[in-house]
Amino acid sequence: MSGYKKPLPEVTPWSQPFWSAAKEHRLVFQHCPSCELNILYPKLFCPNCYSSDLQWMDASGRGEVYTFSVIHLHPPSPFRDSLPYVVAIVQLDEGVQLMTNIVRCAPEDVKCGMSVVAEFDDVTDDFTLVNFRPAAM
Ligand SMILES: [Zn+2]
């Protein structure tokens, strides 16, 4: 796992619970009990009612491709060896969205509305990334 060369996300104090959960192969999001809004990406306060009393909840890990792009070209970088790859916005069943990669699927087979499930990639000893694969496999 120490051979991973791509840049890793920047972890902030308010996103640390997300990354800690990912390391445990759990996908989590925030929930605001005051207004019932589900929130992702991690925030310090609710963007709807400004409450700072946010809770972490486990997601089902299921969702669908909201939109995506197939990356065919890349300047010299650690991403070049992965071409072509799919960057997508996935909408979880809980209503929140996140940017991710669609894996275990030929790029030409990815479709908007396709059902996907979370898959956890332990890229380093300390870091796990959340990707998605087709639900029907
Ligand atoms: Zn709220």
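**Three-stranded sheet.** I looked first at the open sheet, in which three strands lie in the order β2-β1-β3 with antiparallel pairing; I take strands as DSSP runs of E of at least two residues and helices as runs of H or I of at least four, numbered from the N terminus, and I count two strands as paired if DSSP finds at least two bridges between them. Because β2 (38-39) and β3 (55-58) stand at the edges with a single partner strand each, one side of each is left without a neighbour in the sheet. I noted four bridges between β1 (residues 28-31) and β3, with His31 having Gln55 as its bridge partner in β3.

**Basis.** I am working from a predicted model, in which local features need pLDDT of at least 70 and side-chain atom pairs count only at pLDDT 80 or more, whereas totals for chains, interfaces and linings use all residues. My residue numbers start from 1 along each chain as its sequence is written.

**Hairpin.** I then followed β7 (residues 115-122) into β8 (residues 128-134), an antiparallel pair joined by seven bridges, and found that the hairpin between β7 and β8 passes through five residues. Within this pair, Ala118 stands opposite Phe132 in β8.

**Core.** I looked up the largest nonpolar core (buried Ala, Val, Leu, Ile, Met, Phe, Trp, Tyr and Cys residues joined through C-beta atoms within 7 Å), where a residue is buried if 20 or more other C-beta atoms, placed from the backbone, lie within 10 Å of its own, exposed if 12 or fewer, and partly exposed in between. This core has 22 residues, of which Val65, Ala88, Val90 and Ile102 touch the most other members. The elements giving two or more residues to this core are α1 (16-23), β1, β4 (62-71), β5 (85-92), β6, β7 and β8, and the largest share, four residues, comes from β5. With neighbours within four places in sequence left aside, the contacts of Val90 (C-beta atoms, placed from the backbone, within 7 Å) include Val65, Leu98, Val116 and Phe132.

**Val103.** I located Val103 in the loop between β6 (97-102) and β7, and found this residue partly exposed, with 16 other C-beta atoms within 10 Å. Beyond its neighbours within four places in sequence, Val103 is in contact with Glu119, Asn131 and Arg133.

**Whole chain.** I recorded one helix and eight strands for the protein chain, in the order α-β-β-β-β-β-β-β-β from the N terminus. Its C-alpha trace spans about 45 × 35 × 25 Å along the principal axes, and buried residues make up 18% of the 137 residues.

Conventions. Two residues are in contact if their C-beta atoms, placed from the backbone, lie within 7 Å.
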